[in-house]
Amino acid sequence: MSQLLQNAQENLNANGFLDLEVDPTLDLIQEIEKLKKEKNAIILAHYYQESEIQDIADYIGDSLGLAQQAANTDADIIVFAGVHFMAETAKMLNPSKKVLLPDLKAGCSLADSCPAPIFAKFKEKHPDHVVVSYINCTADLKTLTDVCCTSTNAKAIIDSIPEDKPIIFAPDKNLGAYLNKVTGRDMILWNGSCMVHEIFSQEKIVKLKERHPDALLIAHPECEAHLLDMADHVGSTSSLLRFTAESTAKEFIVATEVGIIHQMEKANPEKTFIPAPPNNTCACNECPHMKRNTMEKLYLCMKHELPEIHLQEKQIVEGRKCIDRMLEVSAKAGF
Ligand code: SF4
């Protein structure tokens, strides 16, 4: 092993990725395709990844689709182009397989907003409650959860719980409030949120709608209630994508992470997609965690099979139950 590689491995946890130079003349697309074949590896990418990564992925999807793919793959190596909790979920579903994440520091503000030890104390105060957690949570939180959900199947999951059973919903208060509204439940909500979906400016969107009167506003349910109330369609990233393809409208204002617009434009080249503006001048509707993954990091991670996701036995055994339950209810509900 070269000294440079050894140093990069020693600094892996501090950096989050293998900090090695990549030859700028390399054709990364070709190299990654070659590594996929050589290693029988599959790349699963979230819609919020940069477009080059989406284009080289074997499967692109939202959290539910990615979990389903991870559960059914026969690849030897799963390379997760997404954030940490997603790669953890893939590892829980495939404990004997190697799961790689190009950058271990690709975290999630929403998952971080619900630390498992604090949640455990909160849960103790409500012992008769069923815990439903959005899949955007840590492996430790999953061990405290009865059933997981994604934004695609959340309503079906909540509806599957008997009406007389009280529920705690974690960690996203915005998705939880939206679900309370559409299901008529009165779930206790954990006070967490996503930094990307909370940043949209209602005032700027109103002005944008004045300039584009025919544009439809589409929003992810992680957005705040006042924004969801103005939306023409609310749904998961897959649902937003489907809606833009099926709708006869020609213009859309998209209130979710901007990465999804790549697939919307590919599927509907004749339509216009306008990212909903954040309440400041920065590119805050880009998830900084998702965007930590780059083509270079993806290539290095596949070449050296690092960084790899490792979980404790308890996280796999206990954490997996709520994901299995979710996949079971989801399948019954036709997702
Ligand atoms: S967009 Fe929000 S919920 Fe999704 S990974 Fe980024 S911080 Fe987490």
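**View 1. Pro171 and the cis bond before it.** Pro171 sits in the loop that runs between strand E7 (167-170) and helix H11 (173-183). This is a predicted model. In it, the peptide bond from Ala170 to Pro171 is cis, with omega near -15 degrees.

**View 2. Another cis proline, plus a residue with positive phi.** Leu306 and Pro307 are joined by a cis peptide bond, with omega about -5 degrees. Look for Pro307 in the loop between H16 and H17. Glu305 lies in the loop between H16 and H17 too, and this residue has a positive phi of about 55 degrees although it is not a glycine. Glu305 counts as partly exposed, with 14 other C-beta atoms within 10 Å.

**View 3. Asn40, out at the end of a helix-to-strand loop.** Asn40 is found in the loop between helix H3 (28-39) and E1. Its phi is near 50 degrees, which is a positive value in a residue other than glycine. Is Asn40 buried or exposed? Asn40 is exposed, because just 11 other C-beta atoms lie within 10 Å, and the cut-off for exposed is 12 or fewer.

**View 4. Three cysteines gathered at one spot.** UniProt, in an unreviewed entry, lists Cys108, Cys194 and Cys287 under "binding site". They span 180 residues in sequence, yet no two of their C-alpha atoms are more than 9.3 Å apart, so the three end up together at one spot. Cys194 is in the loop between strand E8 (188-189) and helix H12 (202-211), while Cys287 is in the loop between strand E12 (272-275) and helix H16 (295-304). Cys194 is buried, with 24 C-beta neighbours inside 10 Å. Cys287 is buried as well, with 23 other C-beta atoms within 10 Å. Setting aside residues up to four places away in sequence, Cys194 touches Ser109, Leu110, Asp172 and Glu222. On the same basis, Cys287 touches Tyr48, Val196 and Glu257.

**View 5. The shell around the ligand.** Which of the 13 residues around the ligand come nearest? They are Cys108, Leu110, Cys194, Val196 and Cys287. By class, the shell breaks down into nine nonpolar residues, three polar and one charged. Domain 1 (3-107 + 289-310) and domain 2 (110-194 + 316-332) each supply at least three residues to this shell.

**View 6. Asn136, in touch with Cys108.** A further "binding site" annotation from UniProt (unreviewed entry) covers ten positions, among them Ser63, Asn136, His220 and Glu222. Asn136 is placed in the loop between strand E5 (130-134) and helix H9 (139-142). With 27 C-beta neighbours inside 10 Å, Asn136 counts as buried. Leaving out neighbours within four places in sequence, its contacts are Phe85, Cys108, Leu110, Ala111 and Asp172.

**View 7. Helix H5 and Ser63.** Ser63 is part of helix H5 and is buried, with 26 other C-beta atoms within 10 Å. Its contacts, apart from neighbours within four places in sequence, are Met86, Ile135 and Thr150. Which residues of helix H5 (residues 63-72) are buried? They are Ser63, Leu64, Gly65, Leu66, Ala67 and Ala70. What do these buried residues pack against? The list has strand E1 (41-46), strand E2 (59-61), strand E3 (77-81), helix H6 (84-93), helix H14 (237-246) and helix H17 (313-332).

**View 8. The largest nonpolar core and Ala255.** In soluble globular proteins, nonpolar side chains tend to be buried together. Here, the largest nonpolar core holds 97 residues, and Leu44, Val79, Phe80 and Ala255 have the most contacts inside it. Leaving aside neighbours within four places in sequence, Ala255 is in contact with residues including Phe200, Leu217, Ile218, His220 and Cys223.

**View 9. Where domain 2 meets domain 3.** The domain assignment splits the chain into domain 1 (3-107 + 289-310), domain 2 (110-194 + 316-332) and domain 3 (202-275). The centres of domain 2 and domain 3, taken over C-alpha atoms, are separated by 26 Å. How many residues does each of these two bring to the contact? Domain 2 gives nine and domain 3 gives 11. On the domain 2 side that touches domain 3, there are four nonpolar residues, four polar and one charged.

Conventions
Residues are numbered from 1 along each chain as its sequence is written. This is a predicted model: local features need pLDDT of at least 70, side-chain atom pairs count only at pLDDT 80 or more; totals for chains, interfaces and linings use all residues. A residue is near a molecule or strand if its C-beta atom, placed from the backbone, lies within 6 Å of it. Ala, Val, Leu, Ile, Met, Phe, Trp, Tyr, Cys and Pro count as nonpolar, Asp, Glu, Lys and Arg as charged, and the others, Gly among them, as polar. Domain bounds come from an automatic or database domain assignment. Two residues are in contact if their C-beta atoms, placed from the backbone, lie within 7 Å. UniProt positions are given in the numbering used here, feature names are shortened, and annotations may be inferred rather than shown by experiment. Helices (H or I, at least four residues) and strands (E, at least two) are DSSP runs, numbered from the N terminus. A residue is buried if 20 or more other C-beta atoms lie within 10 Å of its own, exposed if 12 or fewer, and partly exposed in between; C-beta atoms are placed from the backbone. A nonpolar core is a set of buried Ala, Val, Leu, Ile, Met, Phe, Trp, Tyr and Cys residues joined through C-beta atoms within 7 Å.
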